[in-house]
Amino acid sequence: MTTVLDLKPIIKLTSEEFYQLCQVNPELPLELSRDGELIIMSPVGGETGNKEADLNFQVSLWNYQSKLGLVFSSSTVFDLPNGGKRSPDVAWISQARWDTLTPTEKQKFPPICPDFVIELRSPSDRLQPLQDKMLEYIDAGLNLGWLINPQDNTVEIYRPKQQTETLCLPVSLSGENVLPGFTLLLEV
């Protein structure tokens, strides 16, 4: 279960203040929505953790072979251009875009929106906040995102300037032109 604290009536955290808050509370996985809501993420169980690791492995293997960018784990917070500070379950950024960041920006919460993200719904996650998070990524410049929902056997595909596409029980997903040649195999 995720806990959301609405801070906007009291304070608006800057990027640096949020970074410092995370540094003094390393045991708490925190996010900050673009609307100023502080989100305390719950740890996931074994099955979800294993599925998340598999997703990260598949993207990492493709990236290792293609050498087109960098893959990030769910522990990475991205300082999105629209004000959100978000941690996708899996994220990928092209090498060219990553190289535009300074060494300091790469060390802290990178001020960049990933090109590609995967969010995996765990049994304790409510669907609407995850859908809102995906739209936040799209508004921040995301090129392709997948919201994998094992509870409903669906995958929602997010692309800029397009309606969300929902697939029921897909066996695989294409990385399209964002992750060229990548196919994610899903459990049947």
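**Note on the predicted model: two loop residues, strand 8, aromatic pairs and the largest pocket**

1. Asn 153 lies in the loop between strand 9 and strand 10 (154-158). This is a predicted model. Asn 153 is not a glycine, yet its phi is positive, about 55°. Most residues other than glycine have a negative phi. With a relative accessibility of 42%, Asn 153 counts as partly exposed.

2. Glu 176 also deserves a look. Its place is in the loop between strand 12 (172-174) and strand 13 (183-185). Here too phi is positive, about 50°, and the residue is not a glycine. Glu 176 counts as partly exposed, at 30% relative accessibility.

3. Next, strand 8. It spans residues 116-120, and five of the five are buried, so the strand is largely enclosed by the rest of the structure. Both of its faces are covered. Phe 116, Ile 118 and Leu 120 are buried on one side. Val 117 and Glu 119 are buried on the other. Note that Glu 119 is a charged residue and is among the buried ones.

4. Which strands pair with strand 8? Strand 7 (residues 90-94) does so in the antiparallel sense, over three bridges. Val 90 stands opposite Ile 118 there. Strand 9 (residues 144-149) runs parallel to strand 8, and five bridges join the two. On that side Phe 116 faces Leu 144 of strand 9.

5. The connection between the parallel strands can be followed in the model. Strand 8, helix 5 (residues 127-140) and strand 9 make a β-α-β unit. The unit is right-handed.

6. Now the aromatic residues. The count comes to eight aromatic pairs. One of them is Trp 62 with Trp 92, an edge-to-face pair. The centres are 5.6 Å apart and the planes meet at 65°. This pair links distant parts of the chain: Trp 62 sits in helix 2 and Trp 92 in strand 7, 30 residues apart. Trp 62 counts as buried at 7% relative accessibility. Trp 92 counts as buried at 4%.

7. Phe 72 and Phe 78 form another pair. Their ring centres lie 5.4 Å apart and their planes stand at 85°, so the pair is edge-to-face. Phe 72 and Phe 78 are both buried.

8. How are Trp 62 and Trp 92 grouped with other aromatic residues? They form one aromatic cluster with Phe 116, Trp 146 and Phe 182. Phe 116 is also one of the buried residues of strand 8.

9. Last, the largest pocket. Its volume is about 1000 Å³. It is lined by 42 residues. Closest to the centre are Thr 2, Glu 31, Ile 39, Met 41 and Lys 133. By class, the lining divides into 17 nonpolar, 11 polar and 14 charged residues.

10. Which element gives the largest share of that lining? Helix 5 does, with five residues. Several elements each supply at least two residues: helix 1 (15-24), strand 2 (30-32), strand 3 (37-40), helix 2 (46-66), strand 8 and helix 5. Strand 8 and helix 5 thus return here, having appeared above as parts of the β-α-β unit. Helix 2 returns as well, after its part in the tryptophan pair.

Notes:
Residues numbered from 1 in each chain as written. Predicted model: local features only at pLDDT ≥ 70, side-chain atom pairs only at ≥ 80, totals over all residues. Heavy atoms only, no water. Buried < 20%, exposed > 50% of the residue type's maximum accessible area, 1.4 Å probe, protein only. Helix = DSSP H or I, 4+ residues; strand = E, 2+ residues; numbered from the N terminus. Pairing = 2+ DSSP bridges. Right-handed = clockwise from strand over helix to strand, strands pointing away. 1 Å grid on protein atoms, 1.4 Å probe; cavity = no way out; pocket = protein on both sides within 12 Å on 5 of 7 lines; lining within 4 Å. Points joined across faces, edges and corners; volume = space filled by probe spheres on them. Phe/Tyr/Trp six-rings, centres within 6.5 Å; stacked < 30°, edge-to-face > 60°.
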